[in-house]
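This report looks at how strands are arranged within one sheet and how helices pack in the same chain. The sequence and the structure follow.

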Amino acid sequence: MIKKLLLILIAVVSASAAFAQKIQSPDEFLGYKLGDQFTPHYRIVDYFKYIAQVSKNVKLQQFGSTNEGRPLLAMFIASDENIGRLEEIRHNNLRLAGIETGSAMANAPVITWLSYNVHGNEPASSEAAMWTLYDLVDPANTATKAWLKNSLVVIDPCLNPDGRDRYVHFYNSVRGGVPDASPTAREHVEPWPGGRINHYYFDLNRDWAWQAQKETQARVGLFNQWLPEVHVDYHEQGYNAPYYFAPAAEPYHKDITKWQRDFQVTIGKNNAKYFDQNGWMYFTKQEFDLLYPSYGDTYPLYNGSIGMTYEQGGISGGLAVLTRSGDTLTFAQRIAHHHATGLSTVEIASANAQKLLDEFKKFYDNNRANPPGEYKTYVIKNDNNNNINTLAKMLGRNGIQYGFGLGNKTVIGYDYFTGKTEQYKVGPNDMVINAHQPKAILLHVLLEPKTFIADSNTYDITAWALPYAYGLKTYGVKESLKPASTSSGIIEPQPLANTHAYAYVANWQSVNDVRFLAALLKKHIKVRYSEKPFEAAGKKFMAGSLLITRASNDRTDFDQVVTQTAAALNEGLTPLASGFVDKGSDLGSDAVRYIRQPRVMLISGEGVNAEAMGEVWHLFEQQLGYPITLINYQSLNRTRLADFDVAIFPDGNYDDFPSEKLQGWIREGGKLIAIDNAVAQLADKKGFTLKKKEEKKDEKAEAKEKENIKIYGDRDRDAIRSMIPGAIFKLTLDNTHPLGFGLPNYYYSLKLNDDIYDFLGEDSWNVGTVKKNSYVSGFVGVQSKQKIVNGMLLGVQSLGRGSVIYMVDDPLFRSFWENGKLLFSNAVFMVGQ
């Protein structure tokens with residue numbers, strides 16, 4: 001009897017243990033099969049939290065949140081042995097990279113990081129993330145158990161929760177009882193702005209290096225704490241395309257190592273094995289190149305990972321869509337394909353774990369010992385303290401080491417701005433970056449003056465060098481020099497206390513200065529600016545310098561408000577005891593202008609480039625802290641324009657442009673800022689003096705072009721002749737005009753097209769122009785390079801009491817073109833006062 005009871009007890013315990021090990025699949029947890037409907041983000045979060053409760057092999061970390069308050073999660077999955085020593089593994093990886101010191105850890109696992117759903121309307125991958133997670137933690141899955149013996153897998157289930165939910169809520173609100181596979185059905189046509197982008201309409205897949213968005217700052221911060229050996233960024237492309245996985249297309253950046261290239265092939269072949277078994281279509285080595293440094297594949301590559309993009313056909317596919325080939329592509333199929341490559345990647349990483357770790361260490365050892373490029377030290381002149389500070393923060397977020405000063409040493413280096421080798425005496429506050437450091441390759445990619453492009457048929461911009469973007473004079477030095485100090489050489493302004501000044505002066509040369517102006521205006525402090533340079537209190541001040549006078553600010557807390565606002569924003573102030581200046585125009589002269597607090601509208605809605613509009617929106621709300629009103633273009637005719645002083649038209653296609661209504665408003669004192677293609681739509685319109693520059697061809701070239709017989713196979717190459725994926729041009733800038741205040745007599749512009757205009761005529765100002773030798777860096781087709789000469793790219797037209805500002809190129813591109821923010825702020829706050 002006792003023996004029988006014992007057997008029953010053993011059976012019960014065994015059954016209980018088996019029950020305890022049973023983990024619900026996503027289908028069981030959600031109550032529907034993956035692919036039957038779109039899962040909102042909060043339910044994905046619920047599933048990850050559920051797995052964190054029932055599995056002993058995981059650790060769930062919330063590392064941030066979105067602008068709309070949704071959580072950003074990372075799930076760490078490991079073996080019984082490794083899950084308890086995650087911090088040890090993390091520090092070991094940083095030791096392999098030479099970022100931390102110490103001896104290597106025994107039996108360290110390879111780290112494979114899977115990032116899903118960076119574009120919100122590419123939703124299949126977040127669903128696949130749940131399925132992949134389940135397979136990795138399922139106790140009955142012997143294959144994944146074996147892989148986890150030498151692997152740590154990190155899953156970020158959704159990089160863009162706000163965009164994903166925007167798409168999911170749209171689709172769920174318009175779908176019928178049965179999916180309509182017709183591509184023209186309503187459920188396949190997203191309304192503006194679409195789900196691809198985040199809350200502020202930024203493409204998070206272009207933001208890895210710049211980290212303009214809070215989601216990216218949090219994610220890249222976590223990434224750099226771990227530095228995985230393998231990273232996959234999951235996407236979808238047009239639904240008529242088959243699946244894409246590595247190896248990537250040319251051009252590869254030349255700093256990508258042979259090992260990284262070769263192992264992409266290894267991974268691709270393993271993926272192909274499973275796709276071949278299932279008869280699924282796929283392609284490699286086409287379209288998706290590895291050049292631009294701010295992607296989810298290139299940024300990891302420049303940080304030592306095997307970085308890759310996987311692309312499933314499916315954008316706008318809904319739950320089912322009829323493809324060009326006559327097949328019906330289902331959401332379930334899209335999920336299955338992403339699930340297959342996820343497991344395949346973990347498998348092949350596990351099979352090559354030690355080699356991946358060895359090559360990762362070799363990558364960083366080589367960075368420190370033999371950094372790429374001819375320059376072993378970069379010296380960045382500190383003639384703009386706020387821009388240096390902003391650059392320092394950006395470099396720090398990327399783990400790039402820097403310091404200041406060289407003990408007044410004179411160096412011989414390549415001057416980025418003149419293109420010549422010159423001598424320069426390094427000051428104690430100049431930034432010095434030695435290339436012999438763990439992040440040498442990333443440093444080189446971000447600072448190289450000209451990026452070598454093996455194949456010009458690229459997917460994105462081809463020039464981005466930070467000295468041009470920040471407007472900071474830089475020298476590339478071939479000698480390896482260590483900075484005199486690794487502590488901050490940034491000059492911190494001294495806060496003022498108990499001051500009773502006639503007026504205060506603040507510089508005008510950075511976004512921080514604009515932020516200070518915005519803060520004062522919001523506090524109803526009246527501000528002026530000097531239209532001309534002047535000298536006072538033993539200092540020189542540039543045109544555009546802010547003047548906060550006691551006159552017009554008759555309030556008892558004047559000094560307190562001004563000085564405390566400056567201290568809070570780290571803004572330097574110079575108090576003046578008198579309005580009588582040492583040199584230049586006195587503070588009561590007509591060279592000093594009052595800044596009216598502008599009421600600003602930003603055009604949004606159908607026809608507007610949402611990303612371009614988002615750059616302006618984000619600048620005002622998150623960087624300047626200044627109010628802005630978003631007006632849908634379709635509502636413009638019903639809008640009372642007199643309620644606004646400034647109207648911003650970002651890049652877009654504006655049907656039935658209301659030029660007469662706008663011109664009437666401008667003549668009464670309004671200010672129209674047109675950017676990119678919005679400028680093109682004003683060209684040759686009555687009342688606007690703007691005219692597109694006609695391309696002149698000599699007769700011989702034109703005759704030769706007519707004789708050429710085009711080859712079908714060369715059509716992509718032929719198109720490149722008139723293409724600019726993104727290149728840098730040096731503009732001659734009239735910095736005596738308010739649009740150029742705070743800038744030198746030149747400006748580096750990132751051109752994304754070959755638009756150029758004739759010089760503006762009477763009552764207009766050609767503020768930014770290009771000459772014959774204005775090209776600096778990046779790929780430009782032969783025809784486009786010949787076209788972009790002797791024309792206007794930044795102009796101001798006077799119209800009645802108002803102004804039209806033409807900005808042919810986007811000065812706020814992806815919010816990383818730092819110098820463009822001051823240029824744009826001039827248009828808003830300075831022009832027309």
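In what order do the 5 strands of the open sheet lie, and is the pairing parallel or antiparallel? In this predicted model, the order is 24-19-23-20-25, and the pairing is antiparallel. Strand 24 (574–576) and strand 25 (592–594) stand at the edges with a single partner strand each, so one side of each has no neighbour in the sheet. On average, and with direction ignored, neighbouring strands of this sheet are turned by 30° against each other.

At one of these edges, strand 19 (residues 503–506) pairs with strand 24 in the antiparallel sense over 3 bridges, and A503 stands opposite L576 of strand 24. Helix 18 (residues 558–568) packs on the sheet, where it touches strand 19 and strand 23 (546–549), and the direction of helix 18 makes about 15° with that of strand 19.

A further packing arrangement involves two helices, helix 19 and helix 25, whose axes come within 12 Å and cross at roughly 90°. Because angles of 65 to 115 degrees count as roughly perpendicular, helix 19 and helix 25 are described as roughly perpendicular to each other. The residues that meet in this contact are listed by helix below.

| Helix | Residue range | Residues in the contact |
|---|---|---|
| Helix 19 | residues 610–624 | V616, L619, F620, Q623 and L624 |
| Helix 25 | residues 818–830 | K821, F824, S825, V828 and F829 |

By class, the residues of the contact between helix 19 and helix 25 divide into 7 nonpolar, 2 polar and 1 charged.

Conventions. Residues are numbered from 1 along each chain as its sequence is written. This is a predicted model: local features need pLDDT of at least 70, side-chain atom pairs count only at pLDDT 80 or more; totals for chains, interfaces and linings use all residues. Side-chain values use heavy atoms; hydrogens and water are left out. Two strands pair if DSSP finds at least two bridges between them. Helices (H or I, at least four residues) and strands (E, at least two) are DSSP runs, numbered from the N terminus. Axes are lines fitted to C-alpha atoms, for helices over the stretch in contact, and angles run from 0 to 180 degrees between N-to-C directions. Contact means heavy atoms within 4.5 Å. Angles under 35 degrees count as roughly parallel, over 145 as roughly antiparallel, 65 to 115 as roughly perpendicular and the rest as oblique. Ala, Val, Leu, Ile, Met, Phe, Trp, Tyr, Cys and Pro count as nonpolar, Asp, Glu, Lys and Arg as charged, and the others, Gly among them, as polar.
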